[in-house]
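Visitor: Could you take me through this model and explain the words as we meet them?
Guide: Gladly; please look at the picture, and then ask about whatever you like.

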Amino acid sequence: MTYHRQLNAVPPIPAATELPTGFVADTLARPLQELRISLTDRCNFRCIYCMPEESFGKDHVFLPQSALLSFEEITRIARIFVAHGVRKIRLTGGEPLLRKHIENLIEMLAQLKTPDGRDIELALTTNGSLLARKAQSMKDAGLNRVTVSLDSLDDAIFKRMNGAGFPVSDVLHGLDAALAAGIGPIKVNMVVKGGVNDREIVHMARHFKGSPFILRFIEYMDAGTSNNWKVDEVIPSAEVVRRIAAHMPLEAINSNHKGETAERWRYRDGSGEIGVVSSVTRAFCRDCARARISTVGVLYTCLFSASGHDLRALMRYGKSDLEISSVIAHLWRLRADRYSELRGMATKGMEREVEKIEMSYIGG
Ligand code: SAM
Ligand code: SF4
Ligand code: SF4
């Protein structure tokens with residue numbers, strides 16, 4: 001697995017340091033609008049498609065605390081990104097709720113304002129196992145939205161997929177707690193892996209139909225290398241929609257905004273909607289406005305980047321906000337990533353592809 005890949009040398013800082021732009025676009029005219037921050041490389045699950053036990057066993061060495069960005073460093077970077085046009089920050093990992101005192105970080109980030117004085121949107125992705133304990137305090141600290149991963153309602157399948165024996169009921173309690181705390185909207189992500197949990201598609205759809213939770217089906221992606229991804233194990237979103245619609249008729253609806261990762265479908269009887277995220281079969285690179293900061297403060301401009309740029313080093317070597325701001329703008333302007341688009345669907349050869357950075361590290 002790839003963790004500590006050689007970093008790109010930090011590009012020469014442009015001579016005239018640049019004030020935050022409020023708007024910066026890459027080579028494909030995509031604006032910088034969303035930032036995902038990985039808070040920890042640790043997780044209490046061992047999902048077979050993300051951190052399989054064979055690669056992340058008892059002797060796996062996780063990052064020391066000193067390597068992680070501090071809350072002050074995260075907030076400093078986030079402030080600079082917001083000044084360049086970021087409107088939405090998503091906290092992720094690893095399992096972000098394992099990061100101690102996460103509420104303090106949420107409180108710090110919730111105070112950031114866009115250049116035109118608006119609040120940013122603060123979201124979190126979690127496996128839900130600790131959500132029942134944390135939902136209220138995170139809401140009180142300023143969390144707006146949460147996405148909870150849940151791959152099955154069947155305990156045997158779920159335990160097999162999370163690799164750590166966690167029951168479904170823990171996650172369902174977490175969802176109820178998030179709802180009671182007033183966090184919204186709440187989304188539920190199901191990664192569909194052919195032959196493992198695809199028979200749960202209709203069951204999950206039925207369970208969440210008419211509920212306050214928006215269920216989204218995620219195509220199994222070739223992120224990282226330890227999951228030994230095979231294209232045959234991908235169930236295309238079109239097939240997911242077909243299977244659900246055979247029981248509960250669906251119709252396509254417009255996306256909420258440009259760059260939304262999920263395609264939306266609503267039940268014809270008016271009882272809510274589902275989403276499908278087709279990262280493999282219908283890539284959405286064209287509108288991808290997301291940057292990622294890894295657990296150790298490396299900036300990646302694509303989930304599939306082979307290397308990134310070390311912002312932690314800039315901070316710890318005493319660079320000013322203006323200098324860091326210039327580097328970020330410079331890197332975004334150079335960005336040309338469109339991995340999923342180039343991958344296409346007919347690429348069996350991708351299974352032997354070059355090493356990629358694990359999702360738990362770069363931030364899913
Ligand atoms: N631990 C948290 C969780 O599971 O929600 C946050 C981090 S996790 C890496 C973020 C999201 O990535 C989860 O919804 C997870 O299901 C998804 N994910 C991880 N590996 C994936 C893969 N190979 N293909 C598709 N989605 C994946
Ligand atoms: Fe942990 Fe999330 Fe990866 Fe599962 S998907 S192993 S819960 S980081
Ligand atoms: Fe964005 Fe890279 Fe994913 Fe394309 S492959 S949508 S550029 S993160």
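Visitor: Which way do the residues of S2 point, and are they buried or exposed?
Guide: In this predicted model, Lys88, Arg90 and Thr92 point to one side of S2, while Ile89 and Leu91 point the other way, and all are buried.

Visitor: What makes strand S2 largely enclosed?
Guide: Buried means under 20% relative accessible area. Five of the five residues of S2, residues 88–92, are buried, so S2 is largely enclosed by the rest of the structure.

Visitor: How do you know that S1 and S2 pair?
Guide: Pairing requires at least two bridges between two strands, and S1 (residues 34–38) shares five bridges with S2, in the parallel sense, so the two count as paired. Within this pairing, Arg36 stands opposite Arg90 in S2.

Visitor: And what makes S2 and S3 a pair?
Guide: Here there are four bridges between S2 and S3 (residues 121–126), again in the parallel sense, and because at least two are needed, the strands pair. Ile89 stands opposite Leu122 in S3. The chain passes from S2 through helix H2 (residues 102–110) to S3 in a right-handed β-α-β crossover.

Visitor: Why are seven residues of the shell around ligand 3 called nonpolar?
Guide: Phe, Cys, Leu and Tyr are among the kinds that count as nonpolar, and the shell includes Phe284, Cys285, Leu303 and Tyr339, so these four belong to that class. Overall, the shell has seven nonpolar, one polar and four charged residues.

Note on methods: Residues are numbered from 1 along each chain as its sequence is written. Chains are lettered from A and ligands numbered from 1 in the order in which they are written. This is a predicted model: local features need pLDDT of at least 70, side-chain atom pairs count only at pLDDT 80 or more; totals for chains, interfaces and linings use all residues. Side-chain values use heavy atoms; hydrogens and water are left out. Buried means under 20% relative accessible area, exposed over 50%, partly exposed in between (1.4 Å probe, protein chains only). A crossover is right-handed if, with the strands pointing away from the viewer, the path from the first strand over the helix to the second runs clockwise. A residue is near a molecule or strand if one of its heavy atoms lies within 4 Å of it.
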